[in-house]
Amino acid sequence: MNLTKDKLNGLINGNNGELLEYLNPSNDIKTLAFALNKLGRLPKNFDGKYFVPLTKHPNEKIRLLAIKNIGKLCNEKYLNLLNDISLHDENTMVRREAISSIGRMRTNEAIPILIDRLNDPDPKVILQVIRGLLVFKDNELIKNKLKELVNHPNEVIQTVIEEKYYNISENKPHREHSKSPDYLKNVVVNGDVLEVLKLIEDESIHLTFTSPPYYNARDYSIYQSYNEYLEFLRDVFKEVYRITKEGRYFILNTSPIIIPRVGRQYSSKRYPIPFDIHPFLIEMGWEFIDDIVWIKPEASAKDRNSGFRQHRKPLAYKPNAVTEYIMVYRKKTNKLIDWNIKQYDDETVKASKVHGEIDKSNTWFIDPTFDRTHTAVFPLELCLKVIKYYSFKNDLVFDPFGGSGTFCKAAQLLDRFFFSTEISKKYIVRMKENIAQESFFDTLFLPKFYTMLEFSKIVEENK
Ligand SMILES: C[S@@+](CC[C@H](N)C(=O)[O-])C[C@H]1O[C@@H](n2cnc3c(N)ncnc32)[C@H](O)[C@@H]1O
């Protein structure tokens with residue numbers, strides 16, 4: 001059978017009988033799928049009887065396409081057939097398509113059927129039912145039924161209902177999205193991040209990128225226990241959430257660490273930091289967006305498998321760790337990214353475009369950087385990528401664990417304002433060397449380094 005799209009177009013407007021030849025259930029799957037897929041828009045008087053036997057076809061793709069075509073007819077006489085399929089077909093996608101076709105009819109007759117399907121065991125089907133019912137937005141019965149779904153166990157259903165009926169953020173006055181407080185621009189505070197963050201107003205910053213202390217793996221951070229460490233980070237990231245603008249990003253660089261063994265009879269302990277932080281970030285409202293893996297050259301990693309290479313005995317294998325995670329989160333919002341972009345003028349959007357080669361995949365190959373003062377610095381290249389991909393020119397970008405100030409330096413290079421905190425005086429000295437003292441792009445906001453006391457006064461003055 002030599003079937004083309006043009007030929008099908010001719011057939012749907014002409015002799016339906018000839019079409020039967022192509023929609024015959026005994027045809028091979030490829031021909032049937034082609035015909036059903038390419039039928040396009042159907043004329044009002046098109047007879048849907050050709051599709052009916054195909055809704056029982058053993059192949060689910062054919063069943064789904066047949067139902068899709070029935071849906072295009074928007075004919076109430078198929079309501080019972082579609083309802084039956086939505087209840088009994090063994091394939092979820094087929095059942096969902098049946099609901100979609102019922103929804104397309106936009107007829108009052110469909111309401112009881114759709115309401116009944118709100119009890120479907122599959123959340124994907126329920127979401128389709130919700131779409132169909134939302135068409136009748138003034139119907140009180142439907143409104144009440146849908147509102148009840150806020151307690152549905154599925155999180156996507158809950159979110160859809162919350163946004164539709166319980167959206168409080170809509171009424172919240174928004175600080176102008178593209179702007180940020182001047183007194184935070186190009187400022188570094190030498191103090192405990194938690195103390196500093198208490199002083200910062202809600203929704204002040206556009207982007208946070210940070211690499212927190214590595215539990216007790218390096219000398220600058222001593223916690224009583226791993227739990228205490230995680231609790232500390234939880235408190236910090238909760239504050240970061242509060243001061244982040246709606247729909248903006250938090251990018252976290254961590255990796256599992258090893259605390260070396262205390263003696264030959266003990267083993268070293270590995271802590272899966274990114275995986276332990278992730279659940280509480282989600283709980284506090286950060287939405288998971290991406291996991292980017294930073295890959296370093298093998299030569300830069302500590303050799304952990306020399307023993308294994310000799311004896312080759314199973315269970316003792318330990319790969320060399322050449323990766324770190326760059327976890328990408330977004331502050332919860334019901335707005336699309338487009339909304340965030342529209343908060344900027346055209347000139348800023350144009351000036352912030354990311355030109356040249358881009359990283360197409362979530363693996364970024366970057367050499368580590370070694371610093372004479374700080375033991376764990378960001379490579380400048382890593383900061384430049386993150387800032388370019390996740391912020392606009394003139395945004396206020398934040399690193400709560402500033403260290404040597406590489407992130408601030410990258411912000412300067414890309415015409416963003418930085419704000420950072422760092423507890424150690426020694427690293428503040430290193431930061432001062434790293435951050436250019438003259439800003440080429442904005443002479444109004446030359447870099448400032450404050451003690452906690454000085455910063456509290458600045459905050460007071462700006463209240
Ligand atoms: C992994 S390092 C960050 C290095 C940084 N990304 C860089 O490029 O240099 C973590 C930093 O957090 C700092 N730090 C630890 N606890 C802190 C706290 N409570 N408040 C502020 N900074 C803290 C440490 O002194 C250290 O410099």
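A residue counts as near the ligand here if its C-beta atom, placed from the backbone, lies within 6 Å of it. Keep that in mind for a later stop, and remember throughout that you are looking at a predicted model.

**Stop 1: the whole protein**

Start zoomed out, with everything shown as cartoon. You should be able to pick out 20 helices and eleven strands. Along the principal axes, the C-alpha atoms fill a box of roughly 85 × 65 × 45 Å. The radius of gyration is 29 Å, whereas a compact globule of 463 residues would come in near 23 Å. Colour by burial and 32% of the 463 residues show up as buried. If you draw the contacts between residues at least 6 apart in sequence, 68% of them join residues at least 24 apart.

**Stop 2: the sheet**

Now hide the helices and look at the open sheet, which is built from nine strands. Walking across, you pass E8-E6-E7-E3-E2-E9-E10-E1-E11, with mixed pairing. Which strands stand at the edges? Select 363-365 for E8 and 448-451 for E11: each has a single partner strand, so one side of each is left without a neighbour in the sheet. Turn the view to look along the sheet and you can follow the twist, which averages 20° from one strand to the next.

As a reminder while you click around, strands of a sheet pair through backbone hydrogen bonds, either parallel or antiparallel.

**Stop 3: E1, E10 and the helix on top**

Select residues 187-190 (E1) and 417-422 (E10). These two run parallel and are joined by four bridges. For a landmark, label Val-189, which stands opposite Thr-421 in E10. Then bring back helix H19, residues 425-434: this helix packs on the sheet and touches E1, E10 and E11. The direction of H19 makes about 160° with that of E1.

**Stop 4: E7 and its partners**

Move along to E7, residues 323-331. Is this strand mostly covered or mostly open? Mostly covered: seven of its nine residues are buried.

On one pairing, E7 runs antiparallel to E6 (residues 286-295), with nine bridges between them. Val-293 has Tyr-325 in E7 as its bridge partner, and Phe-288 stands opposite Tyr-329 in E7. On the other pairing, select E3, residues 244-254, which meets E7 in the antiparallel sense over six bridges. Keep Tyr-329 labelled, as Phe-250 also stands opposite this tyrosine in E7.

While side chains are on display: in a regular strand they alternate between the two faces of the sheet.

From E6, step out to E8. Here the pairing is parallel, with three bridges. The pair to label is Ile-295 and Phe-365, which stand opposite each other.

**Stop 5: the ligand**

Centre on the ligand and show the 19 residues around it. Which of them come nearest? Val-193, Phe-378, Phe-401, Gly-403 and Ser-404 do. Colour the shell by type and you get nine nonpolar, eight polar and two charged residues.

**Stop 6: Val-377**

Next, click on Val-377, in the loop between E8 and helix H17 (380-390). With 22 other C-beta atoms within 10 Å, Val-377 passes the cut-off of 20 and therefore counts as buried. What does Val-377 touch beyond its neighbours within four places in sequence? The contacts are Thr-369, Asp-371, Gly-403, Ser-404 and Thr-406. You have met Gly-403 and Ser-404 already, among the residues that come nearest the ligand.

For a sense of distance, draw a line from the C-alpha atom of Val-377 to that of Leu-32: the two are separated by 60 Å and lie 345 residues apart along the chain.

**Stop 7: two arginines with positive phi**

Finish in the loops. Select Arg-106, between helix H6 (92-104) and helix H7 (110-117). Phi of Arg-106 is near 50°, a positive value in a residue other than glycine. Arg-106 has 11 C-beta neighbours inside 10 Å; the limit for exposed is 12 or fewer, so this arginine counts as exposed.

Then jump to Arg-312, in the loop between helix H14 (306-311) and E7. Phi is positive here too, near 60° for Arg-312. Is Arg-312 buried or exposed? Exposed, because 9 other C-beta atoms lie within 10 Å of Arg-312.

How values were computed: Residues numbered from 1 in each chain as written. Predicted model: local features only at pLDDT ≥ 70, side-chain atom pairs only at ≥ 80, totals over all residues. Pairing = 2+ DSSP bridges. Axes fitted to C-alpha atoms, helices over the stretch in contact; angles between N-to-C directions. Contact = placed C-beta atoms within 7 Å. Rg over C-alpha atoms; globule rule 2.2 N^0.38 Å. Nonpolar A, V, L, I, M, F, W, Y, C, P; charged D, E, K, R; others polar.
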